[in-house]
Amino acid sequence: MMKPMERRIFGLSLLVAAACVLAVPAGAMHIMEGYLPLGHCVAWGAVCLPFVVLGVVRIRRITAAHRKTLLLLAMAGAYCFLLSALKLPSVSGSSSHPTGTGLGAILFGPTPMAVLGLIVLLFQAVLLAHGGLTTLGANTFSMAIAGPFVSFGVFALCRKLKVSRRIGVFLAAALGDLLTYVVTSVQLALAHPSPTGGFAASFAEFLGIFAVTQVPLAIVEGLLTVVVIVGLESLAKPELREIGYLGGAA
């Protein structure tokens with residue numbers, strides 16, 4: 001039987017080993033390094049900035065008012081990291097993968113996910129060679145801003161219409177995932193318009209290729225998010241009530 005300190009050291013060694021194994025060159029994840037023109041990289045980064053600032057403010061308020069929910073916030077970030085690290089090859093310069101941002105958007109709103117998503121994407125670019133630093137702004141906007149806002153809006157609408165909570169969670173997570181790839185298709189089409197059909201033809205082509213892998217992935221992510229939420233409803237009711245998910249004080 002290992003002592004607590006020995007268990008911590010052993011766990012850390014496993015984490016380092018896993019990072020070394022996973023940190024192999026990836027041809028595509030999110031939008032890869034060098035695939036967008038410099039002007040596009042700067043523009044998408046500038047668009048993300050106010051959302052990230054609002055996210056920092058929101059996270060500070062959440063942690064100040066609800067200290068017990070800090071673990072839930074960290075779990076939402078870890079969930080996003082794990083799901084978005086699972087990639088399937090797709091169009092050149094990108095790939096299909098779950099996003100994992102819907103869970104955090106449902107629990108805490110969309111703006112905290114801008115910060116958590118940015119951190120996730122930065123770690124993946126640096127440690128796993130997934131995506132890139134120059135495309136960080138574009139990837140953050142599609143996965144950590146656009147997707148979470150859709151997830152939050154869909155879940156709020158389902159609540160207002162008195163749709164079953166679990167159906168609302170499923171729709172929010174799945175549609176947020178799909179919207180991420182609609183935005184990614186826009187970003188890629190703006191950067192690489194078709195020589196014959198321009199932006200519209202390029203957008204349709206990117207979106208059609210993404211749909212083959214992303215539609216089933218979105219369904220799987222929606223179902224998995226429901227499973228996670230059901231588990232949280234059993235194990236973390238006081239925290240969920242505190243942040244307003246179960247009808248308590250928001």
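Which charged end sits over the ring of Y245? The answer is R159, whose charged end lies 5.7 Å from the centre of that ring. Keep Y245 in mind, since we will come back to it after a look at the whole chain. One caution before we set out: this is a predicted model.

Let's start with the overall layout. The protein chain has nine helices and two strands. Reading from the N terminus, the order of elements is α-α-α-β-β-α-α-α-α-α-α. Of its 250 residues, 44% count as buried. If you take the contacts with a separation of 6 or more, 75% of them are between residues 24 or more positions apart. On the outside, the chain exposes about 12,300 Å², and carbon and sulfur atoms supply 75% of that area.

Now to the inside. In soluble globular proteins, nonpolar side chains tend to be buried together. Here the largest nonpolar core has 50 residues, and those with the most contacts inside it are L107, F108, F141, V169, L240, I243 and Y245. Two or more residues come from each of α2, α3, α4, α5, α6, α7 (165-191) and α8. Helix α6 gives the largest share, nine residues. For a closer view of one core member, turn to F108: leaving aside residues up to four places away in sequence, F108 touches R58, I62, T69, L72, L73 and I243.

Helix α5 is a good next stop. This helix covers residues 111-127, and at 1.5 Å a residue its 17 residues should span 24 Å; the end C-alpha atoms are 25 Å apart, which agrees. Its buried residues are T111, P112, M113, A114, V115, L116, G117, V120, L121, Q124 and A125. They pack against four other helices: α2 (38-65), α3 (70-84), α4 (101-108) and α6 (136-160).

Aromatic rings bring us back to Y245. The structure holds four aromatic pairs. In one of them, the rings of F155 and Y245 have their centres 5.9 Å apart and their planes at 10 degrees; planes under 30 degrees apart count as stacked, so this pair is stacked. The pair links distant parts of the chain, with F155 in helix α6 and Y245 in the segment after α9 (237-242), 90 residues apart. Both F155 and Y245 are buried. Y245 is thus a place where several threads meet: a stacked partner in F155, the charged end of R159 over its ring, and a place among the core residues with the most contacts.

Another pair is formed by F199 and F203, whose ring centres are 5.9 Å apart and whose planes are at 15 degrees, so this pair is stacked too. F199 and F203 are four residues apart in helix α8 (residues 198-235), which means that about one helical turn separates them. Are these two rings on buried or partly exposed residues? F199 has 36% relative accessibility and therefore counts as partly exposed. F203, at 21%, also counts as partly exposed, because buried means under 20%.

Our last stop is D177 in helix α7. With 0% relative accessibility, D177 counts as buried. Its contacts include H97, P98, T99, Q214, A218 and E221, not counting residues up to four places away in sequence. The C-alpha atom of D177 is also 8.9 Å from that of V150, although 27 residues along the chain separate D177 and V150.

How values were computed: Residues are numbered from 1 along each chain as its sequence is written. This is a predicted model: local features need pLDDT of at least 70, side-chain atom pairs count only at pLDDT 80 or more; totals for chains, interfaces and linings use all residues. Side-chain values use heavy atoms; hydrogens and water are left out. The expected span of a helix is 1.5 Å times one less than its number of residues. Buried means under 20% relative accessible area, exposed over 50%, partly exposed in between (1.4 Å probe, protein chains only). Contact means heavy atoms within 4.5 Å. Rings of Phe, Tyr and Trp (its six-membered ring) pair if their centres lie within 6.5 Å; planes under 30 degrees apart count as stacked, over 60 as edge-to-face and the rest as tilted. A charge sits over a ring if NZ of Lys or CZ of Arg is within 6 Å of the ring centre and within 35 degrees of the ring normal. A nonpolar core is a set of buried Ala, Val, Leu, Ile, Met, Phe, Trp, Tyr and Cys residues joined through side-chain atoms within 4.5 Å. Accessible areas come from the Shrake-Rupley method with a 1.4 Å probe; for residues, only the protein chains shown count as cover.
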